[in-house]
Amino acid sequence: MSSPASAFATALLGELVRRGIRDVVLSPGSRSQALALAAAQFERAGLLRLRVRIDERSAGFLALGLAVETRVPVVVITTSGTAVAELHPAVLEAAHSGVPLVLLTADRPAALRGIGANQATVQPGIFGPMARLLDVEAPVDGGDHDADAVRLVADILAEIAGPVHVNMAFREPLSAPTPLPDLEPGTWHDARPRESQAIPVLPGTVVVAGAGAGADAEAAARALGAPLLAEVASGARFGPNLVPAYRELLSTGNFGDRIERVVVFGHPTLSREIPALIERDGVETIVVRSPGIDDYNPGHRVQAFVDAATVADDEAAVEAARSWVGRWVHASRQLLEQPEPLGAALTDDYAERAAFAREQLAEQREPVTRRLLVEAVWRSSWPHDRLVLGASRLIRELDRVAPGKRIPVHANRGLAGIDGTIATATGIALASQGVGEATPGVTRVLLGDLAMLHDAGSLLAGNGEPLPRMQVIVGNDGGGTIFDSLEVAATADRALIDRVLLTPQTVDLAALASAYGWEYRRVETRGELDPALTPTPGRVLIEVPLARRDPRVA
Ligand SMILES: Cc1ncc(C[n+]2csc(CCOP(=O)(O)OP(=O)(O)O)c2C)c(N)n1
Ligand SMILES: [Mg+2]
């Protein structure tokens, strides 16, 4: 028996491999069996890396994480019905952050839709404008599957800069054993042309780096002689022009008043100060476009959009801007610096030294605050590591205090959902650590308790698959305390706020970790923080209890 479904599925995956696609994530199902079995054969032949997840929501975010790290489109395979809808959150995030995903969803042939058949809904268009749709008719006997596959893949990958939904009808027989073709795996290259425009060096310029900005923003800031206001997940939080305390400086004093021009890279989401700055009268803004996503344009006040920016070489102008940058960098440093009481440690006076030692010991036993937690995580992370930040209070806290350090940081800021964080981080971990290779590095995920519980199912790994080195660090304050900072929290009934916004939880995280085969650590005090964050093989869930309200730091 032969199956056109299997013949076409094999040709399709083969063509994707030829074009340089390597990562496939799939969830089990009957209608998609031809694709799934072909993917398993390609994995066995060493031509694809396959990850299997029961939950398509996890599969979607896992694929997103893999694509973020590899910068190559990742394939997701699902069966029909609700399975397709489970991809929706990852599709939205990918669409709003320009991450390329190829979603192969199995469906019935058109004639069998709309007649009440089992597990059949309206799949074409299910993601609306958030995914480019290719509705593929069921392959038939005698078709030229190879030529069809080449055409379809060319269409899928043409200028791919977000999710592409390939809805594929399959007829019975849904699969039959089919040999793999001989093929030469290719290398992916992004063929989209990017026209670069030159930006002159002008006084009063600042560079803003939001999510996805990357190192280009840092280079531009230096070339422009401009302060660099780089969010913590921008990939540009480093360099001599970095102004970590940009929020305070923009909102207080007269620093911001002297800004005449803003050059934006990436998608800023973490502060109100940045959009307020762009909307200010007398400020001219240039936005460097991020491929695949809507242009950033707060208040519709942006004057110019460019595909890419180069900076005219103008050393004299950069030299003239030196004091402009210097003032920003210096003021930021002063705001964040915490003087170390070193004097007492160096003294000859025994009593003074003993008192200092006691103080140090007491400090080690202090409970962990959000600031201590984010600083410890930042301190522990190095360029071979990866840091993934959830949409909780902790990303904002880190954004306030993180000093410059060139480490890869990712956060799903396309829609800033609390969903999919662990799955996304798992994708980043797997892709950055390589499979079965002795690469260094650990992926740390820093998130709140609700964000963690939202994606608890993603703690489940595919059976027999290599496990990445990961630390999921949960700041557990018993609910969504980010809502305490909303104006409504000061005026509405506290019990009502707690019931519907805080949404307290008392899940036993140690039991949860152990149920999924993760090691568990609990960090109660400041002294336990750094040791707990030391990388070890395997997957660790680190619970850090936090007070709902941080004690005021003196
Ligand atoms: C999918 C999704 N649902 C709801 C929200 C709204 N939301 C934003 S933060 C948050 C609570 C986060 O709680 P937690 O992770 O514990 O972090 P904390 O605020 O306590 O630091 C919620 C529900 C969201 N961003 N995404
Ligand atoms: Mg919380």
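Visitor: What makes Val262 count as being in contact with Val206, Val208, Leu277 and Ile278?

Guide: Contact here means heavy atoms within 4.5 Å. Leaving aside neighbours within four places in sequence, Val262 has such contacts with Val206, Val208, Leu277, Ile278, Val283, Glu284, Thr285 and Ile286. Keep in mind that this is a predicted model.

Visitor: Which residues touch the most other members of the largest nonpolar core?

Guide: Val262 is one of them, along with Leu229, Trp328, Leu373 and Leu389. That core has 55 residues. There is also a second, separate core of 41 residues, and its members include Val24, Leu26, Leu152 and Val166. As a general point, nonpolar side chains in soluble globular proteins tend to be buried together.

Visitor: Ile278 turned up among the contacts of Val262. Why is Ile278 called buried or exposed?

Guide: Buried means under 20% relative accessible area. Ile278 has 0%, so it counts as buried. You'll find Ile278 in helix α9, residues 273-279. Beyond four places in sequence, Ile278 is in contact with Val262, Val264, Val283, Thr285, Tyr296, Pro298, Arg301 and Val302.

Visitor: How far apart are the C-alpha atoms of Ile278 and Pro227?

Guide: They are separated by 15 Å, and the two residues are 51 residues apart along the chain.

Visitor: And Ala85, what makes it buried, exposed or partly exposed?

Guide: Partly exposed is the band between under 20% and over 50%. Ala85 has 36% relative accessibility, so it counts as partly exposed. Ala85 lies in helix α4, residues 82-85. Its C-alpha atom is 7.4 Å from that of Ile126, although the two are 41 residues apart along the chain.

Visitor: Let's go to the ligand. How do you know which residues surround ligand 1?

Guide: A residue is near a molecule if one of its heavy atoms lies within 4 Å of it. For ligand 1 there are 18 residues around it, and the closest are Ile418, Asp449, Leu450, Gly479 and Ile482. By class, that shell has seven nonpolar, seven polar and four charged residues. Helix α17, residues 449-454, gives the most to the shell, with four residues.

Visitor: What makes the pairing of Ile418 and ligand 1 a polar contact?

Guide: A polar contact is a pair of N or O atoms within 3.5 Å. A backbone N or O atom of Ile418 lies 2.9 Å from a nitrogen atom of ligand 1, so the pair qualifies. Two more pairs involve oxygen atoms of the ligand: a backbone N or O atom of Ile482 lies 2.9 Å from one, and a polar backbone atom of Thr481 is 3.0 Å from one. Taken alone, ligand 1 exposes 580 Å², and the protein buries 76% of that.

Visitor: Ile482 also touches Ser392. Why is Ser392 called buried or exposed?

Guide: Ser392 has 11% relative accessibility, and the cut-off for buried is under 20%, so Ser392 counts as buried. Ser392 sits in the loop between β14 (386-389) and α15 (393-401). Not counting residues up to four places away in sequence, Ser392 touches Leu447, Gly448, Ala451 and Ile482. Its side chain reaches the backbone nitrogen of Gly448 at 2.9 Å.

Visitor: Leu447 is in contact with Thr421 too. What makes Thr421 buried or exposed?

Guide: Thr421 is at 4% relative accessibility, and buried means under 20%, so Thr421 counts as buried. Thr421 lies in helix α16, residues 421-433. Its contacts beyond four places in sequence are Val388, Leu389, Gly390, Val445, Leu447 and Asp455.

Visitor: What is the phi of Glu159?

Guide: Glu159 has a positive phi of about 50° although it is not a glycine. Most residues other than glycine have a negative phi. Glu159 is in the loop between α6 (145-157) and β6. At 63% relative accessibility, set against the cut-off of over 50%, Glu159 counts as exposed.

Visitor: And what about Thr503?

Guide: Thr503 has a positive phi of about 45° and is not a glycine either. Its loop runs between α19 (494-502) and α20 (509-515). With a relative accessible area of 31%, Thr503 is partly exposed.

Visitor: Which kind of peptide bond joins Glu172 and Pro173, cis or trans?

Guide: A cis one, with omega about -5°. Most peptide bonds are trans. Pro173 is found in the loop between β6 (163-169) and β7 (196-199).

Key:
Residues are numbered from 1 along each chain as its sequence is written. Chains are lettered from A and ligands numbered from 1 in the order in which they are written. This is a predicted model: local features need pLDDT of at least 70, side-chain atom pairs count only at pLDDT 80 or more; totals for chains, interfaces and linings use all residues. Side-chain values use heavy atoms; hydrogens and water are left out. A polar contact is a pair of N or O atoms within 3.5 Å; within protein, one must be able to donate a hydrogen and the other to accept it, and residues adjacent in sequence count only if both atoms are side-chain atoms. Accessible areas come from the Shrake-Rupley method with a 1.4 Å probe; for residues, only the protein chains shown count as cover. Helices (H or I, at least four residues) and strands (E, at least two) are DSSP runs, numbered from the N terminus. Ala, Val, Leu, Ile, Met, Phe, Trp, Tyr, Cys and Pro count as nonpolar, Asp, Glu, Lys and Arg as charged, and the others, Gly among them, as polar. A nonpolar core is a set of buried Ala, Val, Leu, Ile, Met, Phe, Trp, Tyr and Cys residues joined through side-chain atoms within 4.5 Å. Buried means under 20% relative accessible area, exposed over 50%, partly exposed in between (1.4 Å probe, protein chains only).
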